[in-house]
Amino acid sequence: MIKQWVHIEEIERNGIKQQFQIKLPYNAKRIVAIKITANPFDRTWENKFESEVGWLWLRLPERRDIFYSHKINTYKDNYDLSLPRINEVNPFDDGLFTQHGKKETFQTVDACLNTNIIEGYYIDRIYSQKSKYQLRIYLKLEL
């Protein structure tokens, strides 16, 4: 049986280096997929091109090795964004609908579990503004 597990870490200040643990169900056998999301930017933020949010490492304590690392980027509200004097190629008639970004999908991971704890380490890489946000870790577990 596959079950989705969500862990949320509160990021309180920019530039923080944070260690945490994710407690899993005791009957979890392995991790089959993972997805990480974080979007600290709001609509009032003036720099719409900064996309790096942070770096994340996850490891299993019994193996003493990192099984997943990820550089987290975000896709902000870049809707209707175009350069001056350059027309956008748009399949819609009036050119009012544009969308930037990508579809969020799970990444396949094959990590067998002998314990119900995952250790995590996160470094925030935003230095241009002061904001609080949530780092969300979605895991698909085989029970």
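**Two open sheets and an aromatic cluster**

In this predicted model, Leu60 stands opposite Asp65, a residue of strand β5. That facing pair is a handy place to start a tour of the strands. β4 and β5, the latter covering residues 65-73, pair in the antiparallel sense over 8 bridges. Further along this pairing, Trp57 has Ser69 in β5 as its bridge partner.

β4 also pairs with β7, again in the antiparallel sense, here over 6 bridges. Within this pairing, Leu58 finds its bridge partner in Gly120 of β7. Stepping back, these strands belong to an open sheet of 4 strands, which runs in the order β2-β7-β4-β5 with antiparallel pairing. The edges of the sheet are taken by β2 (17-23) and β5, each of which pairs on one side only. On average, neighbouring strands here are turned by 20 degrees against each other, with direction ignored.

The next sheet can be read in the same manner. Another open sheet has 4 strands in the order β1-β8-β3-β6, and its pairing is antiparallel. β1 (2-11) and β6 (107-112) stand at the edges with a single partner strand each, so one side of each has no neighbour in the sheet. In this sheet, neighbouring strands are turned by an average of 30 degrees against each other, direction ignored. The pairing of β1 with β8 (residues 133-142) is antiparallel and extends over 10 bridges. One of the residues involved is Ile11, whose bridge partner in β8 is Tyr133.

With the strands in place, the aromatic side chains come next. How many aromatic pairs does a search of the whole structure find? The search gives 2. In one of them, the ring centres of Trp55 and Trp57 are 6.3 Å apart and the planes stand at 80 degrees; the pair is edge-to-face because planes over 60 degrees apart are counted that way. Trp57 also pairs with Tyr121: the ring centres are 5.8 Å apart and the planes at 35 degrees, so this pair is tilted. The Trp57 and Tyr121 pair links distant parts of the chain, since Trp57 lies in strand β4 (residues 52-60) and Tyr121 in strand β7 (residues 117-124), 64 residues apart. Together, Trp55, Trp57 and Tyr121 form one aromatic cluster.

How open to the surroundings are the members of this cluster? Trp55 has a relative accessible area of 29% and is partly exposed. Trp57, at 27% relative accessibility, also counts as partly exposed. For Tyr121 the relative accessible area is 28%, and this residue is partly exposed too. The class follows from the cut-offs, because partly exposed covers the range between buried, under 20%, and exposed, over 50%.

Lysine side chains meet aromatic rings as well. Lys35 lies over the face of Tyr138, at 4.9 Å from the ring centre. Lys140 is placed over the face of Phe106, with a distance of 4.4 Å from the ring centre.

How values were computed. Residues numbered from 1 in each chain as written. Predicted model: local features only at pLDDT ≥ 70, side-chain atom pairs only at ≥ 80, totals over all residues. Heavy atoms only, no water. Pairing = 2+ DSSP bridges. Axes fitted to C-alpha atoms, helices over the stretch in contact; angles between N-to-C directions. Phe/Tyr/Trp six-rings, centres within 6.5 Å; stacked < 30°, edge-to-face > 60°. Buried < 20%, exposed > 50% of the residue type's maximum accessible area, 1.4 Å probe, protein only. Lys NZ or Arg CZ within 6 Å of the ring centre and 35° of its normal.
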